[in-house]
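Here are a few exercises to work through with the viewer open. Try each one yourself before you read the solution.

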Amino acid sequence: MNFRISVHCVVASVLAVAASTAAAEYSDKPVRLIVPFAAGGTTDLLARVITEQMPLVFGQPMVIDNKAGAGGMLGAIEISKAVANGYTLGLATVSTTAGVPALNPNVSYDPTTDFTSIMNIAATPNVLAIHPSLPVRDFRAFIALARSRPVKFSFASSGTGGISHPQIELFKSLTGVVVPHIPYRGADPALAGQVPVIFDNLPSTLPFIKEKRLIAIAVAAPERLPLLPDVPTFKELGHEPVNRMAYYCLNGPKNLPYPVVVKVHMAVKKMLEDPGVRQRIEQTGSIIVGNMPEQFSALMRTEYAVYKRVVEQQKLKIQ
């Protein structure tokens, strides 16, 4: 046998054994899952589905730690600074990896280098909804009303830089409406407020729509949703760039050991094969993705670039 090939095979075998050993030793204690938003929002809802099922496929509990604030930035900072041993993981969103860092030049992490992607678990349509007290019931009527009364109607978001913030700024740049921004500390308090317009993830908004406490007038999704069949997409309405769905990726700090990434990825993949889990996620209006780490990393870089342009075009600054 060629000596060089022999050495290569030996090194590969040693690395494979080391990786297998590391994976076997990893998770002998509970894993902390940092959710960078308040309880009740879409990120939290998805996290609860995951953590309830993970012990069955992972062998150890996964415990949620809600770290809300600054559009998800506080939680993301904590994820980025965690020890890279797999015992502290987090959920990455458009807010934490694109919206907030695009808006805030002082963010202490780089979304493209300071995290290790594991899996994009699900994509969630966003929905533009209005309060029933407004004298309109559809998108075009709302646009006409907002244009006729500039600054009259504010919009609520889950926080400065949160997904609904840059996305509605993109919407404003395309429609020419002037609606001031009122940030809340998470989606749940924003939904519970009395602000007449909100742009938020479907899972957290859907109960309010079903109870007729909000009226959905447009969805950011590739096609109309079975849960809201009468609500048009932004593409149908002539504003296709706004048709951007939110994402929810399991991640960790940079330099997370590859065996840990593989073990967690495989556990989540197995969990997503369970019909009950899929049903629970899909009933919220989310779409299961379950892709590879590098696929999410590419998507995240694209979204970051899009919202950097929005920030520059709209001259957005931290409030």
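**Exercise 1.** Which residues are exposed on the other side of α5, away from its buried residues?

*Solution.* A word on the ground rules: this is a predicted model, where local features need pLDDT of at least 70, side-chain atom pairs count only at pLDDT 80 or more, and totals for chains, interfaces and linings use all residues. Residues are numbered from 1 along each chain as its sequence is written, and side-chain values use heavy atoms, with hydrogens and water left out.

Step 1: sort by accessibility. Buried means under 20% relative accessible area, exposed over 50%, and partly exposed in between (1.4 Å probe, protein chains only). In α5, a helix spanning residues 139-148, the buried set holds Phe139, Phe142, Ile143, Leu145 and Ala146.

Step 2: look down the axis. These buried residues sit on the same side of α5, because they cover an arc of only 165° around the axis (the arc is taken from the directions from the helix axis to the C-beta atoms). The general rule helps here: an α-helix has 3.6 residues a turn, so residues three or four places apart point the same way.

Step 3: turn to the other side of α5, and you find Arg140 and Ser148 exposed.

**Exercise 2.** Find what covers the buried residues of α5, then check the start of the helix.

*Solution.* Step 1: the cover includes β5 (126-130), α6 (164-175), β8 (197-201) and β9 (215-220). Helices (H or I, at least four residues) and strands (E, at least two) are DSSP runs, numbered from the N terminus.

Step 2: at the start of α5, Asp138 brings a side-chain oxygen to within 3.2 Å of the backbone nitrogen of Arg140.

**Exercise 3.** Is Ala220 buried or exposed, and what is in contact with it?

*Solution.* Step 1: place Ala220 in strand β9.

Step 2: Ala220 counts as buried, because its relative accessibility is 0%.

Step 3: list its contacts (heavy atoms within 4.5 Å). Setting aside neighbours within four places in sequence, they include Pro125, Asn126, Gln167, Phe199 and Phe234. Val242, Asn243, Arg244 and Met245 are also among them.

Step 4: try one C-alpha distance too. Ala220 and His239 are 19 residues apart along the chain, and their C-alpha atoms are separated by 9.6 Å.

**Exercise 4.** Put the local picture into the whole protein.

*Solution.* Step 1: count the secondary structure, which gives eleven helices and eleven strands.

Step 2: check burial. Of the 319 residues in the protein, 55% are buried.

Note on methods. Polar contact = N/O pair within 3.5 Å; in protein donor to acceptor, adjacent residues only side chain to side chain.
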